Amino acid sequence: MVMALTAADVAAATRGRLVAGNATTPIGRISIDSRSLSAGDFFVAIRGERFDGHAFAADAVARGAAGVMVSDGRAIPGSTSAVVVEVADTTTALQDLARWVRRKSGARVVAITGSAGKTTTKEICAELLSTQYRVFRNKGNLNNHIGLPLSLLDLREAPDVAVVELGMNHPGEIRTLVGIAEPEVRVWTNVGDAHIGFFETADAIADAKAEVIESARPDDVLVANANDARVIGRIVPFKGRVVTFGTDIEADVVARDVKLRGLEGTSASVSTPSGGFELRSPLLGLGNLSNVLAATAVAVTMNVPTNAIADRIGSLRPAHHRGELLRLPGGVTLVDDSYNSSPAALKRALETIASANGSARKVAVLGQMLELGEHGARLHQECGLAAARAGLDLLIAVGGDNARELAAAAVAAGMAPGAVIHVANNADAVAAALQRVRPGDLVLVKGSRGIGLDVVVDRLRAEFA
């Protein structure tokens, strides 16, 4: 049953003023995009860096919106029966409304942060919890100060549990998101080098991520990575209960006898406070094993039986462009990890390629990793070394100077110069891949979102269909 929401509720939740329309008007879906509105929806005019939603308030009403929320009275549509709620700041009001809906929904909220694996951990958590509960998960990676509130507004559908992710690229952002979501379960997966260009050091990233432990209630739970010293070193002040996870370490949920099975995934013996089980995950690599263990810790905390956890883990599938294994009819095996990249995640992906058997050649199309600032050259050099150590037969590095550094480091580490190619952009990467990839190859495609290597995946899929 969908939670009813009226214009009066919106005004009260946002400390706004109802300046037009009827207080009892029912409010449908809430959107910040006037183009997506249907009759009865409610438009929030967000003012951003490149646009101002107030310019589209009148259009929203013309499209049949039940009402609009504005902070600029000049944007109020004239002579309309639509609801108009005026607030001091529409972004803050959107967050306040999301928190109000979250509280009214009665759902338990699981919030996940970390430098890598947030979306995958979110998806696995949702899968494991769905064996026992009605679960909402936020779509894609809507994890910032606007995306998270929009996700939480969907809790009007009254699920038992909501699983969301919290992203950040500056201090204070996680604190804001925790204040909106008020999670009962917080998950801190790791600290890595993603977004390090916005920070001086990895320790500074860890300090910002540590905001996830703030404002905790005594009954709240923190799920933390016991293998990550930067995580464990910062969770002591947490005021709730801590549940740890890790591999070959003292932890509440621990995997031992870990076996990398190449392109078949991983296996391990897992111990939990609720009992043990044999884990066989089809997700690739040790990074995904850590994600699975984090989600297992959440599921155990929420009383999901271990047999249900083990069964669901065995049928997991990666999210689109996030480590998908594609065995193409034309004889190429493609690991599509093109959604995003960071140095730590790339090194883990290369470890997976190194452990894989059965291919004629190992090929990697690696895009430049963005938002690394002054650390970029060094981190790309480290990844070039990792590429050489992975036993690649062909490397195509894509992007600017840092991609060139990656390619040069791979050659310096022993790859033949003729086996390493640097190209400037994704169009040239497509051409290089189509010219050189052949049946029998295992191909990893991974790069920052801004490099756009998903087009390489699409063209290879078409070529070897």
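The following legends describe close-up views of a predicted model.

**View 1. Helix 4 packs against helix 9 in an oblique, right-handed crossing.** Helix 4 comprises residues 118–129 and helix 9 comprises residues 285–301. Their axes come within 9 Å and cross at roughly 40 degrees. This angle falls in neither the parallel, the antiparallel nor the perpendicular range, and the two helices are therefore classed as oblique to each other. From helix 4, the residues taking part in the contact are Thr120, Thr121, Ile124, Cys125, Leu128 and Leu129. Helix 9 contributes Asn288, Asn291, Val292, Ala294, Ala295, Thr296, Val298 and Ala299. By class, the contact holds nine nonpolar and five polar residues, with no charged residues.

**View 2. Two cysteines, Cys125 and Cys383, are buried.** Cys125 is one of the helix 4 residues that meet helix 9. Its relative accessibility is 0%, and Cys125 therefore counts as buried, the limit being under 20%. Cys383 likewise has a relative accessible area of 0% and is buried. A disulfide is counted where two cysteine sulfur atoms lie within 2.5 Å, and by this rule the model has zero disulfides.

**View 3. Helix 14 and helix 15 run roughly parallel to each other.** Helix 14 spans residues 426–436, and helix 15 spans residues 454–463. Within this pair the axes approach to within 9 Å and cross at roughly 30 degrees. Because angles under 35 degrees count as roughly parallel, the pair is assigned to that class. The crossing of helix 14 and helix 15 is right-handed. On the helix 14 side, the contact involves Asn426, Ala429, Val430, Ala433 and Leu434. These residues meet Val455, Val456, Arg459, Leu460 and Glu463 of helix 15. The contact divides into seven nonpolar residues, one polar residue and two charged residues.

**View 4. Val191 is a buried residue in a loop.** The loop that holds Val191 connects strand 9 (185–188) with helix 7 (202–209). With a relative accessible area of 12%, Val191 lies under the 20% limit and is therefore buried. Beyond its neighbours within four places in sequence, Val191 is in contact with Ser115, Ala202, Ile205, Ala206, Asp228, Arg230 and Val231. Arg230 is 39 residues from Val191 along the chain, and the C-alpha atoms of the two are separated by 6.7 Å.

**View 5. Arg217 is a partly exposed residue in the loop between helix 7 and strand 10.** Strand 10 covers residues 221–225. The relative accessibility of Arg217 is 33%. Setting aside residues up to four places away in sequence, Arg217 touches Glu182, Pro183, Glu184, Lys239 and Gly240. Glu182 stands 35 residues from Arg217 along the chain, with 9.5 Å between their C-alpha atoms.

**View 6. Asp248 and Asp257 have positive phi values although neither is a glycine.** For Asp248, phi is about 50 degrees. Asp248 lies in the loop between strand 11 (241–247) and strand 12 (253–260). For Asp257, phi is about 55 degrees, and this residue belongs to strand 12. At 54% relative accessibility, Asp257 is over the 50% limit and therefore counts as exposed.

Definitions and conventions. Residues numbered from 1 in each chain as written. Predicted model: local features only at pLDDT ≥ 70, side-chain atom pairs only at ≥ 80, totals over all residues. Heavy atoms only, no water. Buried < 20%, exposed > 50% of the residue type's maximum accessible area, 1.4 Å probe, protein only. Axes fitted to C-alpha atoms, helices over the stretch in contact; angles between N-to-C directions. Parallel < 35°, antiparallel > 145°, perpendicular 65-115°, else oblique. Left-handed = near helix turned anticlockwise from the far one by under 90°. Contact = heavy atoms within 4.5 Å. Nonpolar A, V, L, I, M, F, W, Y, C, P; charged D, E, K, R; others polar.
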